[in-house]
Amino acid sequence: MAPRRRRRIAIPAVPAWPPRSLPRLYVRQPLGEGARVELDAAQANYLGNVLRMKEGAGLLLFDGRSGEWQARVAEVGKKRMALSVERRTCEAEAIPDVWLAFAPVKRSQTDWLVEKATELGVARLMPVTTQRTVVERVKLERLQAIAIEAAEQCGRTVLPGIDEPVPLARLLEQRDPSRTLYFADEAGGEPVAGAFKPGAAMILTGPEGGFTDDERAAIRAASNAMPVSLGPRILRAETAALAALATYMAVAGDWRG
Ligand code: SAH
């Protein structure tokens, strides 16, 4: 019989799946004890018609600022629903200060990237257009909706910021050089696990076709930029972004014990 492996879990994990019994919802309205929340039609439909929640049913709410709150259904109308907020269940989380600047890829892959990066704990998502970026348009509202859904599901209390796309040159010009720029360079760099250090970080990953030589030179010349390698294989753009982010969380973010 194989010896049983001793489990050494340093971080008490609150399983995100299967879902906790209470539905969890993001609302724009600032929350506080005793607050009344009028849901929009889509949210009312989801709770009333999909989850069939009745008056008195409990749920969890977060507003992206003030942590998480226990609430109850106070009133159910045909196309509306009102909730009453009872008490705070946890304070707002402190998300590691890591931003992901990525060249958007095809729509379904970008959606996937935004969902997974939110789950992994990214603080800010920054679409960057490069010479070989081929996507037509990034729909910010759609990406925000995807991030909200991911945050609801994974227990986040703070949403990632999502920026309008910026050209690479502007990103490099306007960035604060005190934030380390970790440039995922498939042509080689420091192995990521050793390169990432706690502190303000921006991870930059390229499009399917990679960065051009000019772009690579410009990124490498930026102050406080560090080229990093994600190993010997060429990863797809969205895989590279998520692999880098997961490694950051493990060695410099909040996955450490
Ligand atoms: N230039 C390549 C593919 C680019 S992969 C080609 O067309 O053959 C897309 C992006 O993922 C790259 O720009 C880089 O930022 C990142 N990437 C992929 N594999 C990587 C690796 N092994 N190390 C570092 N970054 C990588």
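## The five-stranded open sheet

In this predicted model, five strands form an open sheet in the order 1-3-4-5-2, and the pairing within this sheet is mixed. Strand 1, at residues 24-26, and strand 2, at residues 36-38, are the edge strands, each of which pairs on one side only. From one strand to the next, the twist averages 40 degrees.

Strands of a sheet pair through backbone hydrogen bonds, in either the parallel or the antiparallel sense. Strand 4, which covers residues 68-76, and strand 5, which covers residues 81-90, run antiparallel and are joined by eight bridges. Within this pairing, Trp69 has Arg88 of strand 5 as its bridge partner.

## A helix and a salt bridge at strand 1

Helix 3, made up of residues 140-154, lies across strand 1 and also across strand 3 (58-62), and the helix runs at about 145 degrees to strand 1.

Strand 1 also takes part in a salt bridge, since Arg24 belongs to this strand while its partner Glu68 belongs to strand 4. The two side chains meet at 2.6 Å, taken from N to O, and the pair links distant parts of the chain, with the two positions 44 residues apart in sequence numbering. Over the whole structure, a search finds 15 salt bridges.

## Parallel pairing around strand 13

Strand 13, formed by residues 225-229, pairs with strand 10, formed by residues 180-184, in the parallel sense and over four bridges. In this pairing the bridge partner of Phe183 is Pro227, a residue of strand 13.

Strand 11, at residues 190-191, likewise pairs with strand 13 in the parallel sense, here over two bridges. For Glu190, the bridge partner in strand 13 is Val228.

## Surroundings of the ligand

The ligand is surrounded by 19 residues, and the closest of these are Ala184, Glu186, Leu230, Arg233 and Leu235. Ala184, which lies within the residue range of strand 10 (180-184), has a polar backbone atom 2.6 Å from an oxygen atom of the ligand. Leu230 likewise approaches through its backbone, with an N or O atom that lies 2.8 Å from a nitrogen atom of the ligand.

A polar backbone atom of Glu208 is also found 3.4 Å from an oxygen atom of the ligand. Taken alone, the ligand exposes 550 Å², and the protein buries 84% of that area.

Terms used: Residues are numbered from 1 along each chain as its sequence is written. This is a predicted model: local features need pLDDT of at least 70, side-chain atom pairs count only at pLDDT 80 or more; totals for chains, interfaces and linings use all residues. Side-chain values use heavy atoms; hydrogens and water are left out. Two strands pair if DSSP finds at least two bridges between them. Axes are lines fitted to C-alpha atoms, for helices over the stretch in contact, and angles run from 0 to 180 degrees between N-to-C directions. Contact means heavy atoms within 4.5 Å. A residue is near a molecule or strand if one of its heavy atoms lies within 4 Å of it. A polar contact is a pair of N or O atoms within 3.5 Å; within protein, one must be able to donate a hydrogen and the other to accept it, and residues adjacent in sequence count only if both atoms are side-chain atoms. Accessible areas come from the Shrake-Rupley method with a 1.4 Å probe; for residues, only the protein chains shown count as cover. A salt bridge is a side-chain nitrogen of Lys or Arg within 4 Å of a carboxyl oxygen of Asp or Glu.
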